[in-house]
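This report describes one protein chain, starting from its annotated regions and moving on to its aromatic pairs, one of its helices and its nonpolar core. The sequence and the model come next.

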Amino acid sequence: MTGKREESRARTTAQILSAARHEIAERGGQGLSMRAVAREVGLVSSAVYRYFPTREALLTAMIVESYHHLADALATVDEGAPAERWGALVREWRAWAKHRPHEFQLVYGTPIPGYVAPPETIPAAAAVAAPFFRCGATERVVEFEGVHVGDALTSAYPDLTPSGIAAVLAELATVAGTIGLELSGHFVGTTGSPDALVEAVIARQVHTLGLA
């Protein structure tokens with residue numbers, strides 16, 4: 001009986017997460033309603049709270065799941081020369097975001113008022129960043145020599161250069177920003193080809209990180 005109860009709980013949890021993603025796609029993160037999620041799943045509102053005690057807990061579960069989805073996508077990128085691998089990772093991130101735009105916006109888009117991501121999101125976020133650090137932070141980057149890198153990163157990557165780690169952080173922000181602008185339609189009428197713009201960004205990043 002215990003196994004069946006666990007299966008039932010896992011199934012209902014997945015249904016709640018799916019319904020919550022539908023709500024966010026329709027109304028954005030700010031409009032997420034536990035009552036609406038319960039209605040879509042066919043539960044009374046109080047039942048949803050047995051799975052996720054607060055709206056913030058549901059948001060956290062969705063964010064962690066989205067990080068896992070992205071990490072799984074990045075894991076499909078083949079090993080190769082650093083320059084080629086970096087480009088492939090960026091392209092895979094962009095492809096994932098275009099396929100799952102609402103998940104991208106949930107993680108990297110406009111912050112949801114009142115929500116502060118708790119510590120349990122950190123390992124999931126780190127799994128997304130890891131292949132970029134491993135690929136791109138192997139060389140010293142003079143422009144970032146004066147940037148302090150937190151102990152958590154230097155401890156996680158003792159074999160990588162602190163300036164390289166700092167440079168990769170900056171480049172990850174660039175990638176997230178570029179993808180976010182594209183998904184929001186800001187490149188319409190401003191560039192003839194977002195593909196060409198992204199490839200130019202990749203080429204500049206490869207040069208900055210010393211991967212060529």
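Residues 33-52 are 60% helix and 0% strand, with 12 Å between the C-alpha atoms at the two ends. The model is a predicted one. According to UniProt, in an unreviewed entry, residues 33-52 carry the annotation "DNA-binding region". The unreviewed entry also places the feature "domain: HTH tetR-type" at residues 10-70. Over residues 10-70 the chain is 75% helix and 0% strand, and the end C-alpha atoms are 21 Å apart.

**Aromatic pairs**

There are six aromatic pairs in the structure. In one of them, the ring centres of Phe104 and Tyr108 lie 5.1 Å apart with the planes at 35 degrees; the pair is therefore tilted, as angles from 30 to 60 degrees count as tilted. Both residues sit in helix α6 (residues 101-108), and because they are four residues apart there, about one helical turn separates them. An α-helix has 3.6 residues a turn, so residues three or four places apart point the same way. Phe104 is buried, at a relative accessible area of 1%, whereas Tyr108 is partly exposed at 27%.

Phe133 and Tyr157 form another tilted pair, with ring centres 5.1 Å apart and planes at 45 degrees. This pair joins distant parts of the chain: Phe133 belongs to helix α7 (residues 122-136), Tyr157 to the loop between α8 (151-156) and α9 (162-183), and 24 residues separate them. Phe133 is buried, with a relative accessible area of 3%, and Tyr157 is buried as well, at 9%.

| Residue | Relative accessible area | Class |
|---|---|---|
| Phe104 | 1% | buried |
| Tyr108 | 27% | partly exposed |
| Phe133 | 3% | buried |
| Tyr157 | 9% | buried |

Phe104 and Tyr108 also belong to a cluster linked by ring pairs, together with Tyr67, Trp86, Trp93 and Phe132.

**Helix α7**

How far apart should the ends of α7 be, given its 15 residues? At 1.5 Å a residue the expected span is 21 Å, and the end C-alpha atoms are 20 Å apart, which agrees. The helix has a kink of about 40 degrees at Ala129, shortly before the proline Pro131. Both Ala129 and Pro131 are among the buried residues of α7, which also include Ala124, Val128, Phe132, Phe133, Cys135 and Gly136. The cover over the buried residues of α7 includes α4 (55-74), α5 (82-99), α6, α8 and α9.

**The nonpolar core**

In soluble globular proteins, nonpolar side chains tend to be buried together. In this model the largest nonpolar core holds 59 residues, and Leu32, Leu58, Met62, Trp86, Trp93, Phe132 and Val168 have the most contacts inside it. Two or more residues of this core come from each of α1 (2-27), α2 (34-41), α4, α5, α6, α7, α9 and α10 (194-208). The largest contribution is that of α4, with 10 residues. Trp86, Trp93 and Phe132, named here for their contacts in the core, are also members of the aromatic cluster.

**Ser163**

Ser163 is part of helix α9. Its relative accessibility is 4%, so Ser163 counts as buried, the cut-off being under 20%. Leaving aside residues up to four places away in sequence, Ser163 touches Glu139, Arg140, Val141, Phe144 and Glu145. From Ser163 to Gln205 there are 42 residues in sequence and 14 Å in space, C-alpha to C-alpha.

Definitions and conventions
Residues are numbered from 1 along each chain as its sequence is written. This is a predicted model: local features need pLDDT of at least 70, side-chain atom pairs count only at pLDDT 80 or more; totals for chains, interfaces and linings use all residues. Side-chain values use heavy atoms; hydrogens and water are left out. UniProt positions are given in the numbering used here, feature names are shortened, and annotations may be inferred rather than shown by experiment. Rings of Phe, Tyr and Trp (its six-membered ring) pair if their centres lie within 6.5 Å; planes under 30 degrees apart count as stacked, over 60 as edge-to-face and the rest as tilted. Buried means under 20% relative accessible area, exposed over 50%, partly exposed in between (1.4 Å probe, protein chains only). The expected span of a helix is 1.5 Å times one less than its number of residues. The bend at a residue is the angle between axes fitted to the seven residues ending there and the seven starting there. Contact means heavy atoms within 4.5 Å. A nonpolar core is a set of buried Ala, Val, Leu, Ile, Met, Phe, Trp, Tyr and Cys residues joined through side-chain atoms within 4.5 Å.
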